[in-house]
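Thanks for asking me to look through this one with you. Here are my notes, point by point.

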Amino acid sequence: MNFRDSEALKAVLEADGHTLVDNESEADLVLLNTCSVRDCAEAKAIGKARRLLQNKRTNLRYRLGIIGCMAARRGQQLTKLLPQLDWVLPPTSLNDIPHIIQETLRTNTPKVITNFQSYNFACYEQPLPFTPVRWIPIQQGCSMGCSYCIVPHTRGHQQNRPFDSILREIQTAADQGTREIILLGQIVNAYRDNGKTFVDLLHAIQAIDGIERIRFISPHPTFFTDQLIQCFKTLPKCCPSVHLPIQSASNRILQHMHRGYTQETLTALIQALRTIQPQLSLSTDLIVGYPGETDADFEQTVQFFKKIQFDMAYIFKYSPRPNTPAAELVAVHGIPKDVQEKRNQVLLDCLSQSSLRYNQQFVHTYQSVLVEGHAPKGAHKLFGRTIVNKKVIFDGDPSLIGSFQSVWIERATTSVLEGCIKPV
Ligand code: SF4
């Protein structure tokens, strides 16, 4: 979400006459878009802001703002820590930032906004440069109140983007040549607008010419209705890859987390998805070392992970976030760092086995790959993704970016497939 918010911010600033520079050392005005999900992300952003503020010594025009989740969470506290900051603005202020900047430059008065306004989703309709894949925010905030999560404190309660605004953005992207869209939201499948549901949205996107693939992230297991499961069969553009954040497979821990499901309901959901779509790729998020997690709780997660064989997972060591119910348990029930580390490693080992096994099935097959851009390493290397969201690296001409190519897969690692374009 932060990545897409930064894109929207660039677009609204450019529309207001600002010029983007390639190198931050050339900028007179810097806005740091921050994350609060983990303590280390906040510490890193504060360190960076402190370094950047040194530029004020030599550049009298230099202005620095902190925006995003950390700005929402810490508000005035940040200006005490970093008194030279010009702006501290929550994620709800994206649309207003050009106006706020003008005001500050005119009055030379720093601006700190600590209250949440409503989201104005108009910023996401600012034109963006063509990309083969477009991230489409469809909601902001979350009202689920998971015990460990800071999102409701930094982005507020769930607010849904108007249905028509979403479709307009997708139509514009399709007209530019975008072939894949990824719907974004904290509980994306809980989307609702004036009686229209997430499933209605998927059906409407299916009808847009030019868009060939639809993905979404992050759904909540609780909102996987039968109608949504059916979409993986009835809507050909709905890619057979689901990111299903489960966090734990211990019912005791899931209850503490207020996740609203059990290992049994997860098993039934995954079975239903795999029955409808046997080639489904399944990824997840897991937290290890949640306060009070016993060896037996953790073992249930390990066994569940092995049984399901997730082909990808983001595994996080629990990080206490202020003002969340779980953080209050840490003093008595906190899990020592070395135990967290050990559990993290156990799951990483399980993951490398399951992801390698999953990826190896594609070796010596042709895969349809949407070419997204230049691979970070290797001259002439391009990258793209298969329909089940596996990253593929191969040699190719940059003119292929944006097209579908049939790629012969030669090798698989735990994280990528490598191949080449060769005649069938
Ligand atoms: S559903 Fe996701 S974003 Fe919402 S509170 Fe739970 S973990 Fe946070």
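1. A definition first: a residue counts as buried if 20 or more other C-beta atoms lie within 10 Å of its own, and as exposed if 12 or fewer do. Please keep in mind throughout that this is a predicted model.

2. Let us begin with strand S19, residues 416–420, which has two faces. Leu417 and Gly419 make up the covered face, while Val416, Glu418 and Cys420 sit on the uncovered one.

3. Which strands pair with S19, and in what sense? Strand S17 (residues 391–395) runs parallel to S19 and is joined to it by four bridges. Strand S18 (residues 404–412) is also joined to S19 by four bridges, but that pair runs antiparallel. Leu417 is a handy residue to display here: Val392 stands opposite it, and it is also the bridge partner of Ala412. If you follow the chain from S18 to S19, you will find a hairpin with three residues between the two strands.

4. S18 and S19 turn up again at helix H14, since both are included in what covers the buried residues of that helix. Also among the covering elements are strand S13 (281–288), helix H12 (295–308) and strand S14 (312–317). The buried residues of H14 are Gln340, Arg343, Leu351, Ser354, Ser355 and Asn359.

5. The length of H14 is a simple check to repeat. The helix has 24 residues (337–360), so at 1.5 Å a residue it should span 34 Å. Its end C-alpha atoms are 34 Å apart, which agrees.

6. Helix H2 (residues 39–53) passes the corresponding check: its 15 residues should span 21 Å, and the end C-alpha atoms are 21 Å apart. Its buried residues are Glu42, Ala45 and Ala49. They cover an arc of only 65° around the axis, so they lie on the same side of H2.

7. What do the buried residues of H2 pack against? Their neighbours are strand S1 (29–34), strand S2 (63–68) and helix H3 (69–74). The face of H2 turned away from this buried side carries exposed residues, namely Asp39, Cys40, Ala43, Gly47, Arg50 and Arg51.

8. Is Phe3 buried or exposed? This residue lies in helix H1 (residues 2–15). Phe3 is exposed, because it has 9 other C-beta atoms within 10 Å, and the cut-off for exposed is 12 or fewer. For a distance to try in your viewer, take the C-alpha atoms of Phe3 and Leu52: they are 49 residues apart along the chain and separated by 21 Å.

9. Strand S8 (residues 180–184) is mostly covered, with four of its five residues buried. Strand S5 (residues 133–137) runs parallel to S8, with five bridges joining the two, and Val133 stands opposite Glu180. S8 also pairs in the parallel sense with strand S11 (residues 213–217), again over five bridges. In that pairing, Arg215 of S11 is the bridge partner of Ile182.

10. Finally, the ligand surroundings, which may interest you if you plan to look at the site. Around the ligand you will find Cys142, Met144, Gly145, Cys146, Cys149, Val151, Pro152, Gln186, Ile187 and His220. How many residues of each class does this shell hold? Seven are nonpolar, three are polar and none is charged.

Definitions and conventions: Residues are numbered from 1 along each chain as its sequence is written. This is a predicted model: local features need pLDDT of at least 70, side-chain atom pairs count only at pLDDT 80 or more; totals for chains, interfaces and linings use all residues. The expected span of a helix is 1.5 Å times one less than its number of residues. The arc is that of the directions from the helix axis to the C-beta atoms. Two residues are in contact if their C-beta atoms, placed from the backbone, lie within 7 Å. Two strands pair if DSSP finds at least two bridges between them. A residue is near a molecule or strand if its C-beta atom, placed from the backbone, lies within 6 Å of it. Ala, Val, Leu, Ile, Met, Phe, Trp, Tyr, Cys and Pro count as nonpolar, Asp, Glu, Lys and Arg as charged, and the others, Gly among them, as polar.
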